[in-house]
Amino acid sequence: MKAYAAVDLGASSGRVMVGHVGPDSLELAEAHRFPNRPVRTPEGLRWDILALYAGVLDGLRAAGPAVDSVGIDSWAVDYGLLDADGALLGNPVHYRDARTEGVAEKVWATVPAGELYASTGLQYAPFNTLYQLTAARDSAQLAYAERLLLIPDLLSYWLTGELGTELTNASTTQLVDPRTRDWSYDIASRLGIDLGLFAPLRQPGDPAGVLRAEVLEETGLRGPVAVTAVGSHDTASAVAAVPAVEERFAYICTGTWSLAGLELDAPVLTEASRAANFTNELGLDGTVRYLRNIMGLWLLQECVRAWGEPELGELLRGAARVPALRSVVDAGDAVFLAPGRMPERIADACRGSGQPVPESRAEITRCILDSLALAHRRAVDEAQVLADHPVDVVHIVGGGTRNALLCQLTADACGLPVVAGPTEAAALGNVLVQARAHGLVGDLAGMRRLLVRTQPSTRYEPRGDTARWRAAEARLAAR
């Protein structure tokens, strides 16, 4: 068995996991976990990238000394800028920063929204890299920048000294053509975005260098240690770890965000798909992750933070006793994007739509979980129609698999069985791509068969019919 370190960075925490892979075995253990705390500076909301890098080094130290390879995945769209000497020009801007407000309309004045979607296949989100770069056009940092690296590529560069841009994450920038799986040169040119800032594209599984001698000394790892490009967008790694044995499946990657959709062989670039705000991001082995971004457990995380970190199990037990679908909100509404005052904002949304206002913590929690399940239902249903790709089962992976109530509600809402697990999907997908690059596992289907044999899962059967969910959906659409 070989040991692979998976650096998996989420919006609220990071961890280094160690996977041991053999011909018929797959084991995963946490070596180190650390917080990811953005910082609000006078300039705006920024990622504390140095703290994240320190956490990565601490994690590699805890994982050692015998590690055969390292892979890095993280959230999408954000980046760091380097000067001509390769030095970072400032802390990366957080995607929840307000600098992109109103920028999309300026972009669409040059490239209409329909044309932009037909070329890049990416849903509208105000924080897409394309809009961030447009917002930064006149900034001093961008004027001095010689290189732009997405977050996983920046950390990989610090570990190895080698530059590259991994494809699955690049596809979230809204600067990649999902048909050619290369840059959309025409779109970038028309918007004045210099694609020369980006390092050459890498595929998942490509070599990304070896750990520098200074990194080996600091972490105590025995060299040489390869760094391998993985599906560096954490959703790409998570979808690779969906333990599906059939083709007719939908997936929901749950965590701070819910990413709900299908795995396809080709993008869906129709106007109907754009209007429904589905995205075409790239996955392993020529696949397309056709999905919708839903606000996800961010809503509950922010409420828990506002309430002083009460015990989650108690909140969920209380929520289970609240009547179903009493009040629901649109879990994809941009009004919930920014941090702060989440319980009040949820109450305001219910009040503004004429629904009963949730007051207790249990009622607010139930409103969030019902709303997420309803959003999951809408995404799964609409994806099947838009892609002409029916499904028989929904796989839930990621942190939300620990939330049995949310999993059951999703089964009820979709009217389909839900298979929940694995929880550490992004880290497992990260590890498996590394193992495949080193010849230990086969193709994507082989990776998934190994997951089915080695990773636990829980099956939730739908209860009752979906009429009450259809009614709640109609109630939400009428507002």
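Which element gives the most to the lining of the largest cavity? Keep that in mind while you look around; the model on your screen is a predicted one.

**Stop 1: the core**

Start by selecting L130, L155, L175 and I346. These residues have the most contacts inside the largest nonpolar core, a set of 165 residues. Now colour helix α15, residues 361-387: with twelve residues, α15 gives the most to this core.

Next, zoom in on L175 and show its surroundings. Leaving aside residues up to four places away in sequence, L175 touches L130, L133, W183, S184, A188, I193, L195 and F198. L130, then, turns up both as a contact of L175 and among the core residues with the most contacts.

**Stop 2: the largest cavity**

Time to go looking for enclosed space. Counting those of 30 Å³ or more, you have four cavities to find. The largest cavity holds about 90 Å³ of space.

To get there, select I72, D153, S156, T228 and A229, the residues that lie nearest its centre among the 13 that line the cavity. Then switch to a cartoon and pick out β6 (69-73), α6 (151-160) and β14 (226-228), the elements that give two or more residues to this lining. Here is the answer to the opening question: α6 gives the most, with three residues. Colour the lining by class and you should get six nonpolar, four polar and three charged residues.

**Stop 3: the second largest cavity**

Move on to the second largest cavity, with a volume of about 50 Å³. For this one, select the whole lining: V322, P323, R326, S327, P358, E363, R366, C367 and D370. By class, that makes four nonpolar, one polar and four charged residues. If α15 is still coloured from the first stop, note that its range is 361-387, and that E363, R366, C367 and D370 are among the residues lining this cavity.

**Stop 4: an open pocket**

Last, turn on a surface and head for the second largest pocket, at about 450 Å³. Select N277, R292, N293, G332 and D333: of the 21 lining residues, these are the closest to the pocket's centre. What elements each supply at least two residues of this lining? They are β18 (288-294) and, once again, α15. The class colours here give twelve nonpolar, four polar and five charged residues.

Before you close the viewer, take one more look at α15: this helix gives the most to the largest nonpolar core and also supplies at least two residues of the second largest pocket's lining.

Terms used:
Residues are numbered from 1 along each chain as its sequence is written. This is a predicted model: local features need pLDDT of at least 70, side-chain atom pairs count only at pLDDT 80 or more; totals for chains, interfaces and linings use all residues. Side-chain values use heavy atoms; hydrogens and water are left out. A nonpolar core is a set of buried Ala, Val, Leu, Ile, Met, Phe, Trp, Tyr and Cys residues joined through side-chain atoms within 4.5 Å. Buried means under 20% relative accessible area, exposed over 50%, partly exposed in between (1.4 Å probe, protein chains only). Helices (H or I, at least four residues) and strands (E, at least two) are DSSP runs, numbered from the N terminus. Contact means heavy atoms within 4.5 Å. On a 1 Å grid over the protein atoms alone, a cavity is a set of points where a 1.4 Å probe fits but cannot get out, and a pocket is an open set with protein on both sides within 12 Å along at least five of seven lines; lining residues have an atom within 4 Å of a point. Grid points are joined across faces, edges and corners, and a volume is the space filled by probe spheres set on the points. Ala, Val, Leu, Ile, Met, Phe, Trp, Tyr, Cys and Pro count as nonpolar, Asp, Glu, Lys and Arg as charged, and the others, Gly among them, as polar.
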